[in-house]
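Here are a few short exercises to work through with the model open in your viewer. Try each task before you read its solution.

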Amino acid sequence: VAEADRAILVVDASSIGIVRAAHLTSQWIGPTPYIVVNRVRRGESAGVLDAVRTWTGLEPVAVVPEHRRVRDAASTTGPPDRRLTRALQGVGVS
């Protein structure tokens, strides 16, 4: 990790996920991670993003919505759901 030039930290959009991310980022020694917030429920985006910013001190680069199709596609060998690929466009990795 210390020698990586890019790091992506996927944070679950839950209280536990955000606390874990805050703990991890407070001890982080590598490059500043890109924060991707995963499984954000409809209508909760603003509060979740505010909590992530407050507790990690970092600005999230992507928000992945909580959606059955995203979850189902993740458990198959097919391509990811369009909601996931659209959300990750801002991360800038391929």
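**Exercise 1. Work out whether Gly 57 is buried or exposed, and how far its C-alpha atom is from that of Thr 25.**

Step one: get the relative accessible area of Gly 57, which is 60%. Step two: hold that against the cut-offs (buried is under 20% relative accessible area, exposed over 50%, partly exposed in between, with a 1.4 Å probe and protein chains only). Gly 57 is therefore exposed. Step three: place it in the chain, and you land in the loop between α2 and β3 (60-65). Helices (H or I, at least four residues) and strands (E, at least two) are DSSP runs, numbered from the N terminus. Step four: although Gly 57 and Thr 25 are 32 residues apart along the chain, their C-alpha atoms are separated by 8.5 Å.

A word on the ground rules: this is a predicted model, where local features need pLDDT of at least 70 and side-chain atom pairs count only at pLDDT 80 or more, while totals for chains, interfaces and linings use all residues. Residues are numbered from 1 along each chain as its sequence is written, and side-chain values use heavy atoms, with hydrogens and water left out.

**Exercise 2. Compare Thr 25 with Ser 26: which is buried and which is exposed?**

Start with location: Thr 25 is in helix α1, and Ser 26 is in helix α1 too. Now the accessibilities: Thr 25 comes out at 15%, so it counts as buried, whereas Ser 26 has 56% and counts as exposed. Next, list what Thr 25 touches (contact means heavy atoms within 4.5 Å). Skipping neighbours within four places in sequence, you should find Leu 9, Pro 33, Thr 56 and Leu 58.

**Exercise 3. Describe how α1 and α2 pack.**

Two packed helices are described by the angle between their axes and the distance between the axes. Here, the axes of α1 (residues 15-26) and α2 (residues 45-56) come within 9 Å and cross at roughly 25 degrees. Axes are lines fitted to C-alpha atoms, for helices over the stretch in contact, and angles run from 0 to 180 degrees between N-to-C directions. Angles under 35 degrees count as roughly parallel, over 145 as roughly antiparallel, 65 to 115 as roughly perpendicular and the rest as oblique. So α1 and α2 are roughly parallel to each other. For the contact, pick out Ile 18, Ala 21, Ala 22 and Thr 25 on α1, and Val 48, Ala 51, Val 52, Trp 55 and Thr 56 on α2.

**Exercise 4. Which residues make up the largest nonpolar core?**

First, the recipe: a nonpolar core is a set of buried Ala, Val, Leu, Ile, Met, Phe, Trp, Tyr and Cys residues joined through side-chain atoms within 4.5 Å. Run it and the largest one has twelve residues: Leu 9, Val 11, Ala 13, Ile 18, Ala 21, Ile 35, Val 37, Val 40, Val 48, Leu 49, Val 52 and Leu 58. Then map them: β1 (8-12), α1, β2 (34-40) and α2 each give two or more residues to this core. A second, separate core has six residues, including Val 36, Val 64, Ala 87 and Val 91.

**Exercise 5. What is the phi of Arg 39, and how accessible is this residue?**

Arg 39 is in strand β2. Its phi is positive, about 65 degrees, although Arg 39 is not a glycine. With a relative accessible area of 47%, Arg 39 is partly exposed.

Methods
Contact means heavy atoms within 4.5 Å.
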